[in-house]
Amino acid sequence: RTHVMGISGTTERAAQSRACVSGVYGLLEEIDPWLEAVTPEPGIALLFSRASCDAWRLYVQAKDAEPPFETRGITDPRYASIVQKELLYLLFRTGVPTTLYYLDSVGKQELADHRTIVVPFPLAVSDAKATLLQELAREGRHVVIFGADGPLDEKTGV
């Protein structure tokens, strides 16, 4: 908004900045009718596990406790979250159509159109979600799991 109005103050070339931003918005308005009937490809379903983030953080932050999974010496409590986000960023940066779902709450209906399901860090997975992933694989979907199978239950952490 401030660039279009010419009040940005972030550049000495306010007129050029305004022209560039206005040009982008003008192009978007021009191509909008072309895209009206377009249906996006479902692409990859990336299943982000909040339970895995919680389990990782709790176990690596616990004092004098040995986590029930291999940490490979990694002690950053944000590691599980970072690993999952990095894969999402990679898919976005490379232009792969991707839909983000939470593993902890996604159902079969949301995944119906996706041929490929990616689970980047399944450290803590409920039996129901493990069964869902197995069913999808049996149906011929590509279920890609990065990392070891989840050794922990999502609720008990055991």
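Strands here are DSSP runs of at least two residues, numbered from the N terminus. This is a predicted model, and a good place to start looking around in it is H114, which sits in the loop between β2 (98–102) and β3 (116–119).

So how exposed or buried is H114? Its relative accessibility is 3%, and because the cut-off for buried is under 20%, H114 counts as buried. Tucked in there, the H114 side chain has two polar partners, listed here:

| From | To | Distance |
|---|---|---|
| H114 side chain | P42 backbone oxygen | 3.2 Å |
| H114 side chain | Y101 side chain | 3.2 Å |

If you skip the neighbours within four places in sequence, H114 is in contact with P42, G43, I44, A45, T99, Y101 and R141. Two of those names, A45 and T99, turn up again in the sheet: T99 in β2 is the bridge partner of A45.

Now for the sheet itself. Strands of a sheet pair through backbone hydrogen bonds, either parallel or antiparallel. In this model, four strands make an open sheet, ordered β2-β1-β3-β4, and the pairing is parallel. At the edges you'll find β2 and β4 (142–145), each pairing on one side only. From one strand to the next, the twist averages 20°. Zooming in on one pair, β1 (residues 44–48) and β2 are joined over five bridges in the parallel sense.

Finally, there's a helix to look at. Helix α4 (residues 79–93) lies across β1, β2 and β3, and runs at about 165° to β1.

Definitions and conventions: Residues numbered from 1 in each chain as written. Predicted model: local features only at pLDDT ≥ 70, side-chain atom pairs only at ≥ 80, totals over all residues. Heavy atoms only, no water. Buried < 20%, exposed > 50% of the residue type's maximum accessible area, 1.4 Å probe, protein only. Polar contact = N/O pair within 3.5 Å; in protein donor to acceptor, adjacent residues only side chain to side chain. Contact = heavy atoms within 4.5 Å. Pairing = 2+ DSSP bridges. Axes fitted to C-alpha atoms, helices over the stretch in contact; angles between N-to-C directions.
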